[in-house]
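Here are a few notes to help you find your way around this one. Keep the viewer open while you read.

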Amino acid sequence: MRLIEKINCIEKLNSDTFLMRIESENISSEASAGQFVNIKCGEGSEAFLRRPISICSIDRENKTFDIVFNVRGKGTKLLSRYDSGDEIDVMGPLGRGFTIDPSHKSIAVVGGGIGIFPLLQVLKDHPAPNKTAILGFRTRDLVVLEDSFNQYSTELLIATDDGSYGHKGFVTDLLSKKVEAQNFDMVYFCGPSVMMKLGVEVLKKHNIPSEVSVEQRMGCGIGACLVCACKTRKGSDWDYSHVCKDGPVFKAEDIIFD
Ligand SMILES: Cc1cc2nc3c(=O)[nH]c(=O)nc-3n(C[C@H](O)[C@H](O)[C@H](O)COP(=O)(O)OP(=O)(O)OC[C@H]3O[C@@H](n4cnc5c(N)ncnc54)[C@H](O)[C@@H]3O)c2cc1C
Ligand code: FES
């Protein structure tokens, strides 16, 4: 659904990361963890295509939702220039989100970089008593939303590539150690595909199921243009799926990581 909504506030979290709170009765009531919105970032040819951004946090009571984005290129730069009170053109909520099984007692979310954002709402919505968050960043200055992840998890582990904060190394190191000592009913991944591929392999050895949120360049965001194709298993064969419509969240065993 295409909506013109009001920006409640926009906050700079670090040099190139922004949190934008958008007022939307429709999206806040309909969205689930792992879904995304497709945003018109500017006028004219400057940002012709909409840009997909995950729904990071939903406040159903106050009818708002948050997106958090890194400035990468033209579209996200334009997005960062919006102000409180401005109107914004969003389509959403789009895609298939994460599966929340209330019978699960112990879950983990594992995210890297911009992949951490959709995982916050999983922790907020999941009723499991044990919720571990394992988050990876390149360096200390890029660590964001630590307080929010702390608030909604029972254990938060942070890794930085350069060791400037938390564990020195990758989230998959922390995950490997964790699964030696603790069982999880489900693990949710979002981040670079090399990280998700490694993480899924670690879990396979322990028979722990997982879901992965796949990132792909997008055009229409609604299954009409084929820009976002990714390879998925279909029985003993494979086929292309649309990340925007069939995903972005898939069962880990269905994804063929290139
Ligand atoms: C389902 C989904 C959810 C996303 N959620 C978030 C989010 O919550 N926060 C966030 O910061 N970003 C998110 N992204 C990525 C975001 O859509 C891109 O960073 C954005 O579209 C870049 O647009 P731009 O105009 O700023 O950059 P462009 O000028 O279009 O590109 C700048 C650089 O980023 C690369 N790039 C652009 N889009 C993608 C992409 N989809 N995957 C990989 N590389 C890309 C380009 O190749 C180029 O190198 C998400 C992407 C998807 C598919
Ligand atoms: S982005 Fe057009 S089909 Fe997915």
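The points below go from the overall layout to the ligand, the core and one helix.

1. First, a caution: what you are looking at is a predicted model. Please read everything below with that in mind.

2. Start with the layout. The domain assignment splits the protein chain into domain 1 (2-94), domain 2 (98-212) and domain 3 (214-258). Measuring between centres over C-alpha atoms, you get 22 Å from domain 2 to domain 3. Where these two domains meet, domain 2 puts in seven residues and domain 3 also puts in seven residues. On the domain 2 side, helix H6 (193-204) and strand S13 (210-213) are the elements that give two or more residues. That side is a mix by class: three nonpolar, two polar and two charged residues.

3. Now go to ligand 1. It has 20 residues around it, and the ones that come nearest are Ser-54, Phe-69, Gly-73, Gly-75 and Thr-76. Which domains does the shell around ligand 1 draw at least three residues from? Domain 1 (2-94) and domain 3 (214-258), each of them.

4. Staying with that shell, look at who supplies it. Strand S4 (51-54), strand S6 (64-70) and helix H2 (74-80) each bring at least two residues. S4 gives the most, with four residues. By class, the shell around ligand 1 has nine nonpolar, six polar and five charged residues.

5. Next, the inside. The largest nonpolar core holds 71 residues, and Val-37, Ile-134, Val-171 and Val-187 are the members that touch the most others. Try clicking on Val-187: beyond its neighbours within four places in sequence, it is in contact with Ile-107, Ala-108, Val-110, Leu-203, Ile-208 and Ser-210.

6. Val-171, one of those well-connected core members, also turns up in helix H5 (residues 171-181), where Val-171, Thr-172, Leu-174 and Leu-175 are buried. Why do the buried residues of H5 line one face of the helix? Looking down the axis of H5, they fall within an arc of 150 degrees, so they share that one face. The face turned away from the buried side carries Glu-180 and Ala-181, which are exposed.

7. Last, what covers the buried residues of H5? The cover includes strand S8 (106-112), strand S9 (130-137), strand S10 (155-160), strand S11 (167-168) and H6. You have met H6 already: it gives two or more residues to the side of domain 2 that touches domain 3.

Notes
Residues are numbered from 1 along each chain as its sequence is written. Chains are lettered from A and ligands numbered from 1 in the order in which they are written. This is a predicted model: local features need pLDDT of at least 70, side-chain atom pairs count only at pLDDT 80 or more; totals for chains, interfaces and linings use all residues. A residue is near a molecule or strand if its C-beta atom, placed from the backbone, lies within 6 Å of it. Ala, Val, Leu, Ile, Met, Phe, Trp, Tyr, Cys and Pro count as nonpolar, Asp, Glu, Lys and Arg as charged, and the others, Gly among them, as polar. Domain bounds come from an automatic or database domain assignment. A nonpolar core is a set of buried Ala, Val, Leu, Ile, Met, Phe, Trp, Tyr and Cys residues joined through C-beta atoms within 7 Å. A residue is buried if 20 or more other C-beta atoms lie within 10 Å of its own, exposed if 12 or fewer, and partly exposed in between; C-beta atoms are placed from the backbone. The arc is that of the directions from the helix axis to the C-beta atoms.
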